[in-house]
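Colleague: May I ask for a close look at one part of this model? I should like a connected account of how the pieces there meet.

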Amino acid sequence: MNRSTIDLWVGIFVALGLGAILFLSLKVGNLLTTTTREGYHVEAAFSNIGGLKLRAPAKAAGVVVGRVEKIRLDPQTYEAIVTFVIDPQYKFSKDTIASINTSGLLGEVYVGLDAGGDSEMIADGGRIAKTQSAVVLEKLISQFLFDKAQQEGGK
Amino acid sequence: MPASVLADGLRRIGAGTRRSIARLGFAARFFVAVLTHSPAGLRRIRLTLREIYFAGVLSLVIILVSGLFVGMVLALQGYDVLQRYGASESLGILVALSLVRELGPVVAGLLFASRAGSAITAEIGLMKATEQLSAMEMMAVDPLARVVAPRFWGGVISMPLLAALFSTLGIFGAYLVGVRLIGIDAGSFWGNMQSVVDFRADIVNGIIKSAVFGLIVSLIAVFEGYDAAPTAEGVSSATTRTVVGSSLAILAADFVLTVFMFRGVGVL
Amino acid sequence: MSPPSTTRPVANFDRRQPVAVELSGVTFGYDRTRQLLKGMSMTIPRGKVVAIMGGSGCGKTTILRLIGGQLRPQTGRVVVAGRSVPDLDREGLYALRRQVGMLFQFGALFTDLTVYENIAFPLREHTDFSEEMIRDLVMMKLNGVGLRGAAALKPSELSGGMARRVALARAIALDPLLVMYDEPFAGLDPISLGIVGQLIRKLNDALGITSVVVTHDVYESLKIVDYLYFVSDGRIVAQGTPDEVRSSGDAFVRQFIDGESDGPVPFHVAAPPLATAFAIGHAG
């Protein structure tokens with residue numbers, strides 16, 4: 001096998017391989033669409049996070065603006081403290097409401113951010129005061145049944 | 001009588017264990033020797049290019065064809081399950097995650113072990129059996145630097161590229177079946193995929209996996225070749241050991257790596 | 001101990017030493033239980049062709065590996081061109097090997113390289129000669145073994161005798177002071193055998209090198225060598241010039257030369273008496 005033929009083939013192979021990695025990164029993965037790796041951190045406390053997972057998106061008006069980075073339990077208040085990273089190009093007011101939502105009945109769980117009207121913005125490491133916990137379907141159903149039973153009993 | 005049979009069996013297990021531990025130690029020392037001889041071997045980059053040609057370029061066809069078919073089958077089977085839950089739009093996610101995280105590195109690694117790993121073992125083993133390695137040593141040329149290191153690095157460099165190509169062709173195959181054949185919307189196929197597949201957590205981890213598998217296969221292949229008994233039988237059994245050993249090692253390492261890599265993303 | 005290493009370790013090997021190789025009281029075994037060499041001593045003078053003869057598996061090849069520094073003796077001294085081989089460090093050993101050519105039993109040509117590249121291999125590895133210079137040297141060596149026309153062939157396309165000659169050209173590529181031949185005649189037809197034998201003699205005299213030929217081919221070696229050593233059971237059992245050997249009355253030498261199946265080297269491997277093997281005497 002000729003030297004220059006080997007060089008040519010190895011060149012083609014390496015170019016193809018690197019092209020494949022580029023394709024995976026850009027077209028399959030989210031290297032272009034997310035810049036949330038670099039961003040500011042915001043905390044929020046929830047009494048129940050339901051099925052929220054790490055790396056779940058944080059959305060404002062349905063647009064992904066960040067991702068959940070850390071979830072832990074506050075040992076004093078027994079609340080879940082969720083930390084997420086938010087794209088620095090989006091600023092949220094201090095009275096933003098963070099809620100835990102599910103897209104559809106079986107869809108992914110995400111953090112919804114509803115911006116308020118405060119002129120002061122949340123800084124890096126800041127905390128969202130107003131939160132709305134996850135809706136737990138079983139509790140909802142048992143509540144409904146309990147109410148129903150009470151109504152029946154009251155008659 | 002039964003007691004002596006038992007003792008015999010235990011003794012055999014003991015001897016086997018002792019041998020495998022000794023061999024493992026020998027392999028570890030060999031690995032260090034390969035690394036220390038690598039600078040001398042890599043200085044002559046042409047030797048490594050040659051091995052990338054043999055390990056990488058010559059594995060291209062099998063990797064590309066297998067990737068395409070695995071992707072197409074994955075799309076058919078995945079669609080069958082997903083459409084029951086009305087989630088056929090998620091086909092792109094299913095295929096991309098399976099390929100990038102698992103099937104790309106693992107299947108490409110297994111194919112690489114049987115295509116390139118066995119060839120490396122057989123070549124080095126035959127060079128040993130025909131005294132070519134001894135001849136080199138007697139010509140004051142270190143076979144570790146001249147023969148082993150280039151083959152090792154050729155494999156290590158080729159493997160991640162092959163795995164990426166496997167995943168790419170697989171996703172293309174799934175696109176053909178899912179979008180062109182079944183008729184899933186192309187926009188939701190790619191869009192859902194992009195929204196879920198993460199660059200660092202999925203793609204980089206997949207590349208790291210394939211690099212580790214490349215290291216494992218190449219090391220086992222050069223070690224078995226170098227350690228082969230210098231006979232026809234020795235070379236053939238060394239080749240078998242390479243394929244079996246590196247396949248098992250890939251699967252075991254895959255489990256360990258998966259535990260560490262995807263611990264935080266809800267898998268565990 | 002070896003003198004402090006200089007920038008050119010090659011200079012430490014004295015090509016004009018009257019004794020090229022000296023072994024004294026060398027013992028060696030691959031494992032602890034079986035000694036292959038039991039106190040071997042021999043002297044190989046400069047410029048001579050010396051044969052080491054003995055049956056298969058008697059440790060002849062081991063002697064070559066000891067001289068080349070691939071093995072270390074358990075006791076005894078191995079001296080090549082005035083330097084003690086077992087005391088050489090890696091650098092020194094590699095410097096020694098650049099001075100020692102070796103022809104392996106079946107040539108051990110690199111199967112993935114052409115004949116030309118095989119001979120150019122040691123030159124490319126150890127010199128920074130220009131491509132033209134390497135070409136000239138390779139062609140000169142190939143011409144010396146009569147194979148200039150085979151330069152572009154692969155080793156798989158060569159006959160056994162041609163492969164042996166290519167390996168010979170490769171062994172002398174760096175103009176060594178010593179060339180070792182491991183069974184150079186094994187498996188060759190009579191014509192190739194004669195050619196290789198004559199080449200060994202001619203190259204030795206023309207290049208002023210020293211040759212050690214390990215072989216069991218008495219007939220061919222008696223024609224070309226200056227001195228013979230007979231090895232059996234890890235020791236030198238006989239030695240002499242070809243004339244002395246031909247007229248020797250030594251039982252071992254006679255058995256070797258005349259090719260008798262039984263003698264000091266027994267036909268039967270040590271075994272229990274025949275009667276027990278066939279269970280004779282148990283009958284009745």
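Modeller: What follows describes one pair of packed helices and then the contacts of the chains.

This is a predicted model, in which local features need pLDDT of at least 70, side-chain atom pairs count only at pLDDT 80 or more, and totals for chains, interfaces and linings use all residues. Residues are numbered from 1 along each chain as its sequence is written, chains are lettered from A and ligands numbered from 1 in the order in which they are written, and side-chain values use heavy atoms, with hydrogens and water left out.

In chain C, helix H3 spans residues 115-126 and helix H5 spans residues 160-171; helices are DSSP runs of H or I with at least four residues, numbered from the N terminus. Their axes lie 8 Å apart, at an angle of about 25°. Each axis is a line fitted to C-alpha atoms over the stretch in contact, and angles run from 0 to 180 degrees between N-to-C directions. H3(C) and H5(C) are therefore roughly parallel, a label for angles under 35 degrees (over 145 is roughly antiparallel, 65 to 115 roughly perpendicular, and the rest oblique). The crossing is right-handed, that is, the near helix is turned clockwise from the far one by less than a right angle.

Val115(C), Asn118(C), Ile119(C) and Pro122(C) of H3(C) meet Val166(C), Ala169(C) and Arg170(C) of H5(C), contact being heavy atoms within 4.5 Å. By class, five of these residues are nonpolar, one is polar and one is charged. Here Ala, Val, Leu, Ile, Met, Phe, Trp, Tyr, Cys and Pro count as nonpolar, Asp, Glu, Lys and Arg as charged, and the others, Gly among them, as polar.

Chain C also meets chain B, through 22 residues of chain C and 18 residues of chain B. Together they bury about 1800 Å², 55% of it on carbon and sulfur atoms; buried area is the accessible area (1.4 Å probe) that two parts lose on being put together, summed over both. In chain C, Arg97(C), Phe110(C) and Phe121(C) lose the most area to chain B, together 25% of what that side buries. Five salt bridges link chains C and B, each a side-chain nitrogen of Lys or Arg within 4 Å of a carboxyl oxygen of Asp or Glu. One such pairing joins Glu125(C) and Arg146(B) (2.7 Å, N to O).

Chain C does not touch chain A, and their nearest C-alpha atoms are 10 Å apart.

Notes. Helix = DSSP H or I, 4+ residues; strand = E, 2+ residues; numbered from the N terminus.
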